[in-house]
Amino acid sequence: MVHDKVGVQIRNFMEGNIDFDTFLKKLAFMKSITFQYFFGTQRAIDLLEKI
């Protein structure tokens with residue numbers, strides 16, 4: 001999944017606890033570098049190839 005702190009912010013946004021602008025601000029001010037990949041559609045998942 002995602003970095004735990006990122007996951008918390010995603011959950012807060014998805015549950016309507018924070019708006020999109022707040023969500024972006026919270027992600028921007030995280031102290032560590034995070035690289036996140038999200039495959040949000042079945043088509044995106046179908047295009048993944050195991051290497």
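## Helix packing and aromatic contacts in a predicted model

Arg11 is partly exposed, its relative accessible area being 44%. This residue lies in helix α1, and its C-alpha atom is separated by 10.0 Å from that of Phe23, which stands 12 residues away along the chain. The structure described here is a predicted model, and all values in this report are computed from it.

**Overall architecture**

The protein contains 3 helices and 0 strands. Along the sequence, the elements follow the pattern α-α-α. Of the 51 residues in the protein, 12% are buried. The accessible surface amounts to about 4,900 Å², and carbon and sulfur atoms account for 59% of that area.

**Helix α1 and its buried face**

Helix α1 covers residues 4–14, and its buried residues are Val6, Gly7 and Gln9. Seen down the axis of α1, these buried residues fall within an arc of 165 degrees, so they line one face of the helix. The face turned away from that buried side carries the exposed residues Asp4 and Lys5. The partner of the buried residues is helix α2, residues 20–28, against which they pack. After α1 comes Gly16, which has a positive phi near 80 degrees.

Gln9 offers a closer view of the buried side. This residue is located in helix α1. Gln9 counts as buried because its relative accessibility is 13%, and the cut-off for that class is under 20%. When neighbours within four places in sequence are left aside, Gln9 is in contact with Ile18, Phe23, Lys26, Leu27 and Met30. Phe23, one of these contacts of Gln9, also takes part in the aromatic contacts described next.

**Aromatic contacts**

The whole structure holds 3 aromatic pairs. One of them joins Phe13 and Phe23; this pair is stacked, with 5.2 Å from centre to centre and 25 degrees between the planes. The pair links distant parts of the chain, since Phe13 belongs to helix α1 and Phe23 to helix α2, with their positions 10 residues apart in the numbering. Phe13, Phe20 and Phe23 together form one aromatic cluster.

The two rings of the stacked pair fall into separate exposure classes: Phe13 is partly exposed, with a relative accessible area of 30%, whereas Phe23 is buried, with a value of 11%. The table lists the relative accessible areas of individual residues discussed in this report.

| Residue | Relative accessible area | Class |
|---|---|---|
| Gln9 | 13% | buried |
| Arg11 | 44% | partly exposed |
| Phe13 | 30% | partly exposed |
| Phe23 | 11% | buried |
| Tyr37 | 65% | exposed |

**A nonpolar surface patch**

Phe35, Tyr37, Phe39, Ile45 and Leu48 make a nonpolar surface patch of about 600 Å². Within this group, Tyr37 is found in the loop between α2 and α3, the latter covering residues 42–46. Tyr37 counts as exposed because its relative accessibility is 65%, and the cut-off for that class is over 50%.

**Summary**

In the predicted model, the buried residues of helix α1 pack against α2. A stacked pair of Phe13 and Phe23 also links these two helices. Elsewhere on the chain, the nonpolar patch that includes Tyr37 has an area of about 600 Å².

Conventions. Residues are numbered from 1 along each chain as its sequence is written. This is a predicted model: local features need pLDDT of at least 70, side-chain atom pairs count only at pLDDT 80 or more; totals for chains, interfaces and linings use all residues. Side-chain values use heavy atoms; hydrogens and water are left out. Helices (H or I, at least four residues) and strands (E, at least two) are DSSP runs, numbered from the N terminus. Buried means under 20% relative accessible area, exposed over 50%, partly exposed in between (1.4 Å probe, protein chains only). Accessible areas come from the Shrake-Rupley method with a 1.4 Å probe; for residues, only the protein chains shown count as cover. The arc is that of the directions from the helix axis to the C-beta atoms. Contact means heavy atoms within 4.5 Å. Rings of Phe, Tyr and Trp (its six-membered ring) pair if their centres lie within 6.5 Å; planes under 30 degrees apart count as stacked, over 60 as edge-to-face and the rest as tilted. Patches are made of residues with over 30% relative accessible area and no salt bridge: like charges are joined within 9 Å, nonpolar side chains (Val, Leu, Ile, Met, Phe, Trp, Tyr) within 5 Å. A salt bridge is a side-chain nitrogen of Lys or Arg within 4 Å of a carboxyl oxygen of Asp or Glu.
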